[in-house]
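Work through the exercises below with the sequence and the model at hand. Each task is followed by its solution.

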Amino acid sequence: MFYMKNKKINNKEIPKNKEKPLKLAGNFLYFDSKNLNGRIYKKEIAEEILEQFNKMKKESPVLGELGYPEKNSFMEIDLSNVSHEVEEIHLDEKNKSIAGTIKILDTPKGKIVKELLQSDNQISLYCRPRGTGNINENGEIENFKILSFDLVSGPNAFENIVKEDYVKLIEND
C-alpha cells in the first residue's frame, strides 16, 4: 500500500520532475491471512502468481489501470485507463506478501496519479491483484490467474490494518 501524507513518502518529497519516471514500491498482496474482502491467498497461490507474472513480463510490459475495471472488461486491460507499469514483483517472506515496483506512466490516468500524490490531500493508494479464480468454502483463493495489479484508492483506516507495511519512493535515476 502506498500511503501519502503531506506530499511525502517516507519523508521524501514527491518529485515534480516530469522528465524522470515516478516509481513506487510496496506490498501488493498479503498471503496466509484474511484480506479486507474476507479472502485468503495461500502462499502456494502467491508463488503461482509470481510465476505467471514472470512469464507475462517476458512477453510484454504488464500494465495496470487506475481504479476498478468495468465488469464487462474485467479480464482485459483498457488502455484508456492505464496508469502504470508493474516492473517487478517478488515474495517478501518477512511481510508474507507479494511486493513489487510500479512505474507511473505519462498517460492521462498516470498524470492523475501524479497529481493526487502531489496534492495537499492525504490519500491512500494500493495495488490490488486483478485476475480470475475460485473461492472455496474457507474463503481461500484457488486456481487464480493473474492479469495485472491495479492502482485503487482505499480507506485511510486500511493503514492501521497493515503491520510492518512498507512503501518506498524509488530514486529516479
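The exercises cover strand pairing first and salt bridges after that.

The model is predicted, so local features need pLDDT of at least 70 and side-chain atom pairs count only at pLDDT 80 or more, while totals for chains, interfaces and linings use all residues. Residues are numbered from 1 along each chain as its sequence is written, and side-chain values use heavy atoms, with hydrogens and water left out.

**Exercise 1.** Find the strands that pair with strand 7, and state how covered strand 7 is.

Step 1. Strands are DSSP runs of E with at least two residues, numbered from the N terminus; two of them pair if DSSP finds at least two bridges between them.
Step 2. Strand 4 (residues 22–30) runs antiparallel to strand 7, with 8 bridges; Leu24 has Ile102 as its bridge partner.
Step 3. Strand 6 (residues 82–92) is also antiparallel to strand 7, over 8 bridges; here Leu91 is matched with Ile98.
Step 4. In strand 7 (residues 97–104), 7 of the 8 residues are buried (under 20% relative accessible area; exposed is over 50%, partly exposed in between, with a 1.4 Å probe and protein chains only).

**Exercise 2.** Which side chain meets Glu87 in a salt bridge?

Step 1. A salt bridge needs a side-chain nitrogen of Lys or Arg within 4 Å of a carboxyl oxygen of Asp or Glu.
Step 2. Lys23 meets Glu87 at 3.4 Å, N to O.
Step 3. Glu87 is in strand 6 and Lys23 in strand 4, so the salt bridge ties together parts 64 residues apart in sequence.
Step 4. Glu87 is partly exposed at 23%, as is Lys23 at 22%.

Key:
Helices (H or I, at least four residues) and strands (E, at least two) are DSSP runs, numbered from the N terminus.
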